[in-house]
Amino acid sequence: MKKALLWIAVLATSFTACNPAGTKPSGDSKAKFIDSLLQEMSLQEKLGQLNLPTAGDITTGTAESSDIAQKIREGKVGGLFNIKSAAKIKEIQRIAVEESRLKIPLIFGMDVIHGYETTFPIPLGLSCSWDTALIRQTARIAAQEATADGIMWTFSPMVDISRDPRWGRVSEGSGEDPFLGSRVAEAMVKGYQGSDLEDKNTMLACVKHFALYGAPMAGRDYNTVDMSRLEMYNTYLPPYKAAVDAGVGSLMASFNEIDGIPASGNKWLLTDVLREEWKFKGFVVSDYTGINEMIAHGMGDLQACAALAMNAGMNMDMVGEGLLTTLEQSLSEGKVQIKDIDQSVRLILAAKYDLGLFEHPYQYCDTARSSQEIFTQENRDFARKAAGESMVLLKNDKQTLPLAKQGKIAIIGPLGDHKANMAGTWSVATKLENCVSLLEGIRLVAGEKVSVNYAQGANFTIDETLQANSTLFGREMVRKNEKELLAEALHLAKQSDIIVAALGEPSEMSGESSSRTDIRIPDAQRALLDELVKTGKPIVLVLFTGRPLDISQEQAKVPAILNAWFSGTEAGLAIADVLFGDVNPSGKLSMTFPRNVGQIPIFYSHKNTGRPISNQDGKFEKFRSNYLDERNEPLYPFGYGLSYTTFEYSPITLSSETFHAGEAVKATVKLTNTGSYSGKEVVQLYIRDLVGSITRPVKELKAFQKVELQAGESQVIEFTLTEDDFKFYGSDLKAIIEPGEFELFIGGSSSTTNKTTLSYSIQADPNN
Ligand code: BGC
């Protein structure tokens with residue numbers, strides 16, 4: 001039976017007359033198509049397109065009778081999220097395209113954050129790979145798998161800069177730096193969206209959370225943000241803008257306020273900056289009940305908040321139904337305008353159009369694809385590789401690592417054999433039972449000559465309530481008798497040659513609503529480590545965490561620390577690859593590790609102040625900017641990470657010491673692998689603008705390259721910088737470059753002292 005789709009009938013003439021069969025109109029005809037459809041829509045149907053409910057617990061075969069089905073038939077739903085499986089989504093899509101009056105297809109969304117069923121490291125970990133091609137490929141694979149399961153819209157990338165590891169959602173972003181964050185943002189967008197959104201294996205990305213969500217006061221999730229516009233423009237906004245420039249199709253507003261107005265109702269943010277300055281062409285969706293939450297923020301009742309959101313530039317309402325239920329009233333009272341509602345509908349229809357949904361509403365519902373393209377060995381191999389690239393070797397005294405594939409290894413710690421805690425937060429499609437635990441991974445990689453045994457050693461924490469709150473959603477762990485656990489672990493430790501201590505946070509201790517005031521390894525595990533240290537056996541600490549932790553105590557006690565983050569489905573294998581040296585670690589921190597929680601916020605690109613300290617030794621200086629009880633520098637700075645080999649940097653050479661308006665400058669170093677393993681190094685270039693019309697940070701990342709060198713090999717690394725690289729937003733919020741002196745650093749971390757100076761002048765020197 002032919003589906004008598006009304007909107008096709010409306011456009012039949014132009015649609016078929018101007019286009020060969022099977023193609024769709026674009027450009028003008030796309031706008032015409034959407035306008036014609038808009039003319040057919042009642043106000044309620046328009047508001048329906050702005051409505052994004054969560055799917056609830058629809059199971060296959062129950063869609064017809066679900067509560068949501070009736071709303072879909074009535075045209076009151078524009079999209080659904082929190083639902084997966086091609087079969088289920090097909091059932092629901094059928095209701096929309098066959099049983100609703102206008103037969104407009106739904107868009108199906110989901111939090112596909114770091115992979116789908118094949119799960120990659122948490123985003124914070126992935127960003128430590130500094131490998132944008134690899135990151136882009138993780139998003140490509142995620143899109144391939146998610147679209148094979150019916151989903152064509154992901155609420156990713158999350159690009160919120162954060163300098164506060166108390167905030168649990170640092171795990172979902174790319175750390176503290178706007179330059180690195182921007183490169184990751186564009187890589188993710190391109191990976192998800194590919195070159196044509198209409199392809200059946202590409203999906204619409206949604207950059208979030210616009211804006212400044214990563215700077216809540218005291219690191220407490222959903223808390224107030226208060227920030228100068230200069231700081232917004234120079235530090236926090238660039239990654240969102242990079243995603244917009246990369247063509248991201250949708251954007252999610254954040255929960256927090258900005259200049260006293262919640263993002264969901266902030267016209268300056270959603271219209272002046274986003275539409276007028278940045279020319280964003282996609283649609284804006286609220287965060288989960290973000291519009292309704294403006295009531296608690298103190299912006300009025302639901303009708304007032306929904307009108308505020310609409311007038312600010314919000315287009316779609318996640319879960320709260322404020323737009324659906326109040327805009328008719330507001331329209332009749334003149335509080336909102338139909339042109340704004342129409343524009344929102346247009347943007348949402350345009351996204352559906354670009355995804356090919358009008359022509360092929362079931363194109364993502366191919367069950368054959370879902371059985372063949374999800375969690376394939378090829379994808380898992382890539383996840384293993386990505387995990388290996390993301391780990392950061394924090395300490396390795398006396399070449400404790402890599403481990404030899406012989407002898408007796410004791411894996412001790414509550415995270416040593418816990419599949420469910422490997423994938424990390426926001427792994428909604430991960431089958432936790434498919435994750436490879438550390439014990440399994442080490443056994444598989446070590447080979448037969450190694451005896452590998454495991455003891456839990458301790459519960460996650462002494463505090464039962466904290467454990468319950470941090471081990472949700474299938475990550476729960478049975479509590480056991482502490483004394484017995486310890487005795488068993490010490491017995492095993494004493495019989496072994498080396499201890500691999502698998503400690504840290506359970507995976508739900510970071511992520512949404514998982515802020516901490518104490519960012520140390522939980523107490524019971526710290527106590528366990530102390531006992532293990534007393535055995536005198538060499539210890540490698542494999543750290544599981546979704547945030548930078550305060551490991552000052554531990555780093556003084558153990559010779560080797562590998563930060564594994566939460567590395568996804570292949571975690572155990574990837575960690576084992578690194579421990580045994582099959583993969584040489586090359587990850588570099590994208591977020592500073594503090595010495596203690598009191599140093600927070602701590603980040604490398606801070607300002608100098610009028611009273612910087614003058615010594616590098618951590619000695620207290622009265623009336624200078626420092627602490628009585630702790631030095632200023634972090635435990636591990638941004639950009640830091642060791643390798644099994646060593647790299648040496650030559651002094652920097654410049655193509656010229658002065659460059660002028662319109663010119664570029666080249667900076668080169670020779671990098672030599674001076675150790676005995678081949679390895680990868682992230683070569684980082686920073687600048688410091690020595691004098692400015694506003695104060696400038698002591699260092700800013702401006703370029704990086706990840707290169708691989710064989711033992712003994714050298715390579716000349718060249719960076720070309722243009723005026724744009726030296727620009728910043730000045731007092732009038734315009735990007736400017738100011739003449740004067742700059743320092744330029746190239747090295748293996750933000751603490752590099754390998755530097756030179758150059759100057760910029762507007763006029764060329766007539767004598768040259
Ligand atoms: C989170 C978003 C997420 C949304 C939908 C919210 O609570 O803040 O990041 O995309 O839920 O699951």
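Me: Rings of Phe, Tyr and Trp (its six-membered ring) count as a pair when their centres lie within 6.5 Å, with planes under 30 degrees apart called stacked, over 60 edge-to-face and the rest tilted. With that in hand, how many aromatic pairs does a search of the whole structure find?
Reply: Happy to say, with a word on the ground rules. This is a predicted model, where local features need pLDDT of at least 70, side-chain atom pairs count only at pLDDT 80 or more, and totals for chains, interfaces and linings use all residues. Residues are numbered from 1 along each chain as its sequence is written, and side-chain values use heavy atoms, leaving out hydrogens and water. Searching the whole structure gives an aromatic pair count of 27.

Me: Which kind of pair do Trp130 and Phe704 make?
Reply: A ring pair is described by the distance of the centres and the angle of the planes. For Trp130 and Phe704 the centres are 5.1 Å apart and the planes stand at 80 degrees, so the pair is edge-to-face.

Me: How many residues apart are Trp130 and Phe704?
Reply: Helices (H or I, at least four residues) and strands (E, at least two) are DSSP runs, numbered from the N terminus. Trp130 sits in the loop between helix 6 (123-127) and helix 7 (132-148), and Phe704 belongs to strand 22 (residues 700-709). The pair therefore links distant parts of the chain, with a separation in residues of 574.

Me: Is Trp130 buried or exposed?
Reply: Buried means under 20% relative accessible area, exposed over 50%, and partly exposed in between (1.4 Å probe, protein chains only). Its partner Phe704, at 17%, counts as buried. Trp130 has 2% relative accessibility, so Trp130 too counts as buried.

Me: Which residue in strand 22 is the bridge partner of Val682?
Reply: Two strands pair if DSSP finds at least two bridges between them. Strand 21 (residues 679-689) has 10 of its 11 residues buried, and nine bridges join strand 21 to strand 22 in an antiparallel arrangement. Within strand 22, Val682 is bridged to Lys706.

Me: How much of the ligand's area does the protein bury?
Reply: Polar contacts here are pairs of N or O atoms within 3.5 Å; within protein, one must be able to donate a hydrogen and the other to accept it, and residues adjacent in sequence count only if both atoms are side-chain atoms. Side-chain N or O atoms come to 2.5 Å from a ligand oxygen for Asp111 and 2.6 Å for His209. Accessible areas come from the Shrake-Rupley method with a 1.4 Å probe; for residues, only the protein chains shown count as cover. Taken alone the ligand exposes 310 Å², and the share buried by the protein is 94%.
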